[in-house]
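Welcome, and please open the structure in your viewer. We will go from stop to stop, with something to select at each one.

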Amino acid sequence: MNKLAFSTVFSTLKTMARPGAPVAPHIARNLCAAANASTDASTKYNFKTLKLSTPSPFVVHVEFNRPDRMNAFNRQLWTEIKDCFDQLHNDPDCRVVVLSGGSSKHFTAGIDLFDMMKLGQEMGAIEEVGRRGRLLEGTIKLYQDCISSLEHCYKPVIVAVHSACIGAGLNLITAADVRYCTRDAWFSLKEVDIGLAADVGALQRFPRVVGNQSWVRELAFTARKFASDEAHSHGLVSRLFDNREELLQGAIKLAEEIASKSPIAVHGTKKNIVYSADHTVQEGLDHIRAINMLNLQSEDFLNAIMASQSKETPVFAKL
């Protein structure tokens, strides 16, 4: 931005801030608000199948916590994932989420077949086919909403995959914003091997994520394993790491960088990216225009512009 343009914008922003009020107290108020350290997630959330922590301010690390079952998805894990991301969506102490496999040998072994057996017993107790179908419809909808909760959460979600990511896990990571993995990671869209079609998001999101219908259909029809290098070359993951420690460090480093940005700007960006994925270009433009007609009046915009001019790092208040 040249000096004349900046001077014009800066003058306008000063007027927008608060008529008649000096700018310095306005910024000071923000600094005080943002200086309040974010509350550690481990003290705010109590899930059985998930473990939450705050490795850096405004960064929440969500770990799967079923290591004895290799993080297989049972009904409680499905439910808690949705509850977790619904709450993080509105948590002012969270600006970015890192999702990992925790201490388990694998990121996730996919759906818990013992849990599916329980569902089979529930269905067996219902004689009429229409009512059995109603039970299945409700269960599938619950699982779909679980996966979609990552996409609906306005906080960017970075997944860090190590070792195996099977079935439900692959469905889940396609709903995330950024995907990293270790070099020993491998993936499988496993559903056809257990006699069903993937029904919780992979068939809809996976082709959109990688932009290669032929490759996705090959994987969906065969359920074959594919390694990290193949996932990287096709764009499913954006970075590879040599081990789990480096993977988490890389994911948290990215999360810290995103968390330092304006939460208003980041939320608006994710909201429009998600919306634009299944709308026309013009609809996406209309959508971001409606967002920015408010967001450009936000104090975050003023803070970022002033920090840029003074060569300082901007600090943003909690939402």
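Let's begin with the cysteines. How many disulfides does the count come to? The count comes to zero disulfides in this predicted model. To see a pair that does not bond, select Cys94 and Cys153 and show their side chains. The sulfur of Cys94 has its closest cysteine sulfur in Cys153, at 6.2 Å. Because a disulfide needs two cysteine sulfur atoms within 2.5 Å, that distance is too far for a bond. Seen from the other end, the closest cysteine sulfur to that of Cys153 is in Cys94. Switch on a surface and look for the two residues: Cys94 is buried at 2% relative accessibility, and Cys153 is buried too, with a relative accessible area of 1%.

**The six-stranded sheet**

Now switch to a cartoon view and select residues 50-56, which are strand β1. You are at one edge of an open sheet of six strands, in the order β1-β2-β3-β4-β6-β9. The pairing in this sheet is mixed. At the other edge is β9 (239-241), and each of these two edge strands pairs on one side only. Turn the view to follow the twist: neighbouring strands are turned by 25° against each other on average, with direction ignored.

Next, select strand β2, residues 59-64, together with β3. These two strands pair in the parallel sense over five bridges. For a point of reference, pick Val62, which stands opposite Leu99 in β3.

Stay with β3 and show its side chains. Is this strand mostly covered or uncovered? β3 is mostly covered, with five of its five residues buried. In a regular strand, side chains alternate between the two faces of the sheet. On one side of β3 you will find Val96, Val98 and Ser100, and on the other Val97 and Leu99. Both faces are covered.

Move across to strand β6, residues 178-182. β6 pairs with β9 in the parallel sense, over three bridges. Pick Tyr180 here and look across to Arg239 in β9, which stands opposite.

**The three-stranded sheet**

There is another open sheet to visit, made of three strands in the order β5-β7-β8, again with mixed pairing. Select residues 164-166 for β5 and 226-227 for β8 to mark the edge strands, each of which pairs on one side only. Then add β7, residues 186-188, which runs parallel to β5 and is joined to that strand by three bridges. Here the residue pair to pick is Ile166 and Ser188, the latter in β7, which stand opposite each other.

**Two crossing helices**

Select helix α8, residues 202-210, and helix α9, residues 213-222. Two packed helices are described by the angle between their axes and the distance between the axes. The axes of α8 and α9 come within 9 Å and cross at roughly 140°. The two helices are therefore oblique to each other. Their crossing is right-handed.

**Salt bridges**

For the last part of the tour, show the charged side chains. Side chains of opposite charge can pair when their charged atoms come close. How many salt bridges does a search of the whole structure find? The search finds 17, and here are some to visit.

Start with Glu218 and Arg224, whose side chains meet in a salt bridge at 2.7 Å, N to O. Glu218 is partly exposed, with a relative accessible area of 35%, and Arg224 is partly exposed at 27% relative accessibility. Elsewhere, salt bridges that share partners join Lys44, Asp91, Asp93 and Lys318 into one network. Select these four residues together and keep them on screen for a moment.

Within that group, zoom in on Lys318 and Asp93, which form a salt bridge with their closest N and O atoms 2.8 Å apart. This pair links distant parts of the chain, 225 residues apart: Lys318 is in the segment after α14 (299-310), and Asp93 is in the loop between α4 and β3 (96-100). Lys318 is partly exposed, with a relative accessible area of 29%, whereas Asp93 is buried at 8%.

Finish at helix α4, residues 75-89, where Asp86 and Lys82 are four residues apart, about one helical turn. Their side chains meet in a salt bridge at 2.6 Å, N to O. Asp86 is partly exposed, with a relative accessible area of 32%, and Lys82 is partly exposed at 23% relative accessibility.

Note on methods. Residues are numbered from 1 along each chain as its sequence is written. This is a predicted model: local features need pLDDT of at least 70, side-chain atom pairs count only at pLDDT 80 or more; totals for chains, interfaces and linings use all residues. Side-chain values use heavy atoms; hydrogens and water are left out. A salt bridge is a side-chain nitrogen of Lys or Arg within 4 Å of a carboxyl oxygen of Asp or Glu. Buried means under 20% relative accessible area, exposed over 50%, partly exposed in between (1.4 Å probe, protein chains only). Two strands pair if DSSP finds at least two bridges between them. Axes are lines fitted to C-alpha atoms, for helices over the stretch in contact, and angles run from 0 to 180 degrees between N-to-C directions. Angles under 35 degrees count as roughly parallel, over 145 as roughly antiparallel, 65 to 115 as roughly perpendicular and the rest as oblique. A crossing is left-handed if the near helix is turned anticlockwise from the far one by less than a right angle, and right-handed if clockwise.
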